[in-house]
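Reader: I am new to structural terms. Could we go through one model and see how its labels are earned?

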Amino acid sequence: MKFALLTTLFAAASAFQTAPVAKTNSALNAGKDDLKKIAAASNPVVNFYDPLSLADAEFWGDSNEATIGFLRHAEIKHGRVAMFAFVGYCVQSNVHWPWPMTTAGDSFPSTDLSPEAQWDAIPEAAKWQILVVISFLELWGEQSGADTGQTHYMRGGQPGNFPSFDLFRNTVHPVPFNLYDPFGLSKSMSAEKKEKRLIMELNNGRLAQIGIMGFLAADKVPGSVPALSGIAQPYDGDVMAPFTAHYHLFN
């Protein structure tokens, strides 16, 4: 059932790509004018909507262009994480990996548990491994390809750009693939097609954020999402606690 919802999610997101993206140096450059173009392309019904006037803000005393670059990058990143989370939720709800999870031979948590309860059931060392990898990816993304001359997204660079692992691969440890475009399929892609796919990614990410939060709400608060009442798996833990509700790093 949740796999069917997954298919529906991405099919629905694709329906938003109705308007072609206007030609610019980059469809996701920082700047309010670019935000308006992106808004019109991603959802011509809603168009540009900024009730909090964030597009006019200047965070941390920096420029408006830097602030918009930060906000654009944050939205793209949250959308990507949400897409991973939504797919992961669907997989964890339906698939039990047959191989051992630990060197001691412990198996992965059963799919009888909700994905949230499965997270609670894995060893603390496994949680730390996952969080350390996520932290590394976050830090690596912030260098924004400075080793290859790319500009940071708050200084006129492209929001959403994730650098290659070439520097890490050449100086620290071999890495088989880059996180973005591991098979180099985008090299022959036209600029217009890239911009169109970036708009698709935005819409998919926005819908995925709604989707994963819908699953979490349905599991935590029975009946809160009527459409998911038949498949929700009640969870009485704390979805916002990475370890336990009362865990502290320095205990």
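Author: What follows is a set of questions about labels and the values behind them. The model is predicted.

Reader: What makes up the secondary structure of the protein chain?

Author: The protein chain has seven helices and zero strands. Along the sequence the pattern reads α-α-α-α-α-α-α. Of the 251 residues in the protein chain, 32% are buried.

Reader: Why is the pair of F59 and W60 called edge-to-face?

Author: The ring centres of F59 and W60 are 5.4 Å apart, and the limit for a pair is 6.5 Å, so the two rings count as a pair. Their planes stand at 75°, and an angle over 60 degrees is edge-to-face, so that label applies. A search of the whole structure gives 13 aromatic pairs.

Reader: What makes the pair of W97 and W99 stacked?

Author: The planes of W97 and W99 are 20° apart. Planes under 30 degrees apart count as stacked, so the pair of W97 and W99 takes that name. The distance from centre to centre is 5.4 Å.

Reader: Which residues form one aromatic cluster?

Author: F136, W140, F162, F165 and F168 form it.

Reader: Is W60 buried or exposed, and how do you know?

Author: W60 has 65% relative accessibility. Exposed means over 50%, so W60 is exposed. Its partner F59 stands at 22%, which lies between the limits of 20% and 50%, so F59 is partly exposed.

Reader: Why are W97 and W99 called partly exposed?

Author: The value for W97 is 36%, and the value for W99 is 47%. Partly exposed covers the range between 20% and 50%, so both residues carry that label.

Reader: How do you know that K36 lies over the face of F48?

Author: K36 is 5.9 Å from the ring centre of F48. The distance limit for a charge over a ring is 6 Å, so K36 meets that part of the test. The test also sets a limit on the angle to the ring normal, and K36 is listed as lying over the face of F48.

Reader: Which residues make the nonpolar surface patch of about 390 Å²?

Author: V45, V46 and Y49 make this patch. Y49 is in the loop between helix 2 (32-42) and helix 3 (64-94). Its relative accessibility is 63%, over the 50% limit, so Y49 counts as exposed.

Reader: What is unusual about phi of N47?

Author: Most residues other than glycine have a negative phi. Phi of N47 is near 60°, a positive value, and N47 is not a glycine. N47 is in the loop between helix 2 and helix 3. Its relative accessible area is 38%, so N47 is partly exposed. D181, also not a glycine, has a positive phi of about 50°; D181 lies in the loop between helix 6 (166-171) and helix 7.

Reader: What makes up the largest nonpolar core?

Author: This core has 11 residues, among them M83, F86, I212 and F215. Helix 3 and helix 7 (191-220) each supply at least two of its residues. A second, separate core has five residues, including I38, A41, I199 and L202.

Reader: Where is V95, and why is it called partly exposed?

Author: V95 is in the loop between helix 3 and helix 4 (115-121). Its relative accessibility is 30%, between the limits of 20% and 50%, so V95 is partly exposed. The C-alpha atoms of V95 and S110 are 8.8 Å apart, and the two residues are 15 residues apart along the chain.

Conventions:
Residues are numbered from 1 along each chain as its sequence is written. This is a predicted model: local features need pLDDT of at least 70, side-chain atom pairs count only at pLDDT 80 or more; totals for chains, interfaces and linings use all residues. Side-chain values use heavy atoms; hydrogens and water are left out. Rings of Phe, Tyr and Trp (its six-membered ring) pair if their centres lie within 6.5 Å; planes under 30 degrees apart count as stacked, over 60 as edge-to-face and the rest as tilted. Buried means under 20% relative accessible area, exposed over 50%, partly exposed in between (1.4 Å probe, protein chains only). A charge sits over a ring if NZ of Lys or CZ of Arg is within 6 Å of the ring centre and within 35 degrees of the ring normal. Patches are made of residues with over 30% relative accessible area and no salt bridge: like charges are joined within 9 Å, nonpolar side chains (Val, Leu, Ile, Met, Phe, Trp, Tyr) within 5 Å. Accessible areas come from the Shrake-Rupley method with a 1.4 Å probe; for residues, only the protein chains shown count as cover. A salt bridge is a side-chain nitrogen of Lys or Arg within 4 Å of a carboxyl oxygen of Asp or Glu. Helices (H or I, at least four residues) and strands (E, at least two) are DSSP runs, numbered from the N terminus. A nonpolar core is a set of buried Ala, Val, Leu, Ile, Met, Phe, Trp, Tyr and Cys residues joined through side-chain atoms within 4.5 Å.
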